[in-house]
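Let's go through this one by asking how each label is earned. Have the structure open and follow along.

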Amino acid sequence: MSVAKKSTRNNFPKGAKEKTLIAGKDILVIKNERQFDKVVKRVELLMNKGSMHISKEEFEEIRTLSLAAQEYENNKYTIDPPETLEGIIEWVMYQQRLNQKDMARELCISDTKLSLVMRGKQKPDISILKSLHDKYGVNAETLLKAV
């Protein structure tokens, strides 16, 4: 009777595996769209099994593949930050899921004042710029260039 050996082979797309110095483990570096598509399909296949039906090894594979896919997306698909103050405020509102009224309250200004600033009819005062920097981490240099 023969005993089936558990395969230690991972399902990294061909040419995507690289060695890392961290504990000598293999890491996945996705280099093109074809590899990315294969990774996404493999993750979907494993995820469709359901969390109660995957092994620890499969869970670790999902984790590795997902991190590699995320890294690939972060490097390939970048969004340039807005260059206008109006764009910066809209971006912050989008990220924070705020409407204009809530944003005005967060910035401690009236709805009318925020509306005027966003339409370019009024220049922002220092308190607005400082609040955008302090509360939302908007780079001060970016704010100054936008004004």
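Q: This is a predicted model, so to start simply: how many salt bridges does the structure hold?
A: The structure holds seven salt bridges.

Q: What makes Glu 58 and Lys 49 a salt bridge?
A: Their closest N and O atoms are 2.4 Å apart. The cut-off is within 4 Å, between a side-chain nitrogen of Lys or Arg and a carboxyl oxygen of Asp or Glu, so the pair qualifies.

Q: Is Glu 58 buried or exposed, and how do you know?
A: Glu 58 has 15% relative accessibility. Buried means under 20%, so Glu 58 counts as buried.

Q: And why is Lys 49 called partly exposed?
A: Lys 49 comes out at 37% relative accessibility. Partly exposed covers what lies between the buried limit of 20% and the exposed limit of 50%, so the label fits Lys 49.

Q: What makes Asp 125 and Lys 113 a salt bridge, too?
A: Here the closest N and O atoms are 2.5 Å apart, and the limit is 4 Å, so this pair passes as well. The pair links distant parts of the chain: Asp 125 sits in the loop between α5 and α6, while Lys 113 is in helix α5, 12 residues apart. Asp 125 has a relative accessible area of 28%, so it is partly exposed.

Q: Where do Lys 145 and Glu 141 lie, and why does the pair count as a salt bridge?
A: Both are in helix α7, four residues apart, which is about one turn of the helix. Their closest N and O atoms are 3.3 Å apart, and that is within 4 Å, so the name holds. Lys 145, at 64% relative accessibility, is over the 50% limit and therefore counts as exposed.

Q: Which residues have the most contacts inside the largest nonpolar core?
A: Leu 85, Ile 89, Met 103, Leu 107, Leu 114, Leu 132 and Tyr 136 do, in a core of 20 residues. Helices α3, α4, α5, α6 and α7 each supply at least two residues of this core, and α3 gives the most, with five.

Q: Why would such side chains gather like that?
A: In soluble globular proteins, nonpolar side chains tend to be buried together.

Q: What makes up the lining of the second largest pocket?
A: The lining divides into seven nonpolar residues, three polar and one charged. Among them are Ile 79, Asp 80, Trp 91 and Thr 142. Asp counts as charged, so Asp 80 fits that last class. Helix α3 gives the most to this lining, with four residues, and the pocket's volume is about 190 Å³.

Terms used:
Residues numbered from 1 in each chain as written. Predicted model: local features only at pLDDT ≥ 70, side-chain atom pairs only at ≥ 80, totals over all residues. Heavy atoms only, no water. Core = buried A, V, L, I, M, F, W, Y, C linked by side-chain atoms within 4.5 Å. Buried < 20%, exposed > 50% of the residue type's maximum accessible area, 1.4 Å probe, protein only. 1 Å grid on protein atoms, 1.4 Å probe; cavity = no way out; pocket = protein on both sides within 12 Å on 5 of 7 lines; lining within 4 Å. Points joined across faces, edges and corners; volume = space filled by probe spheres on them.
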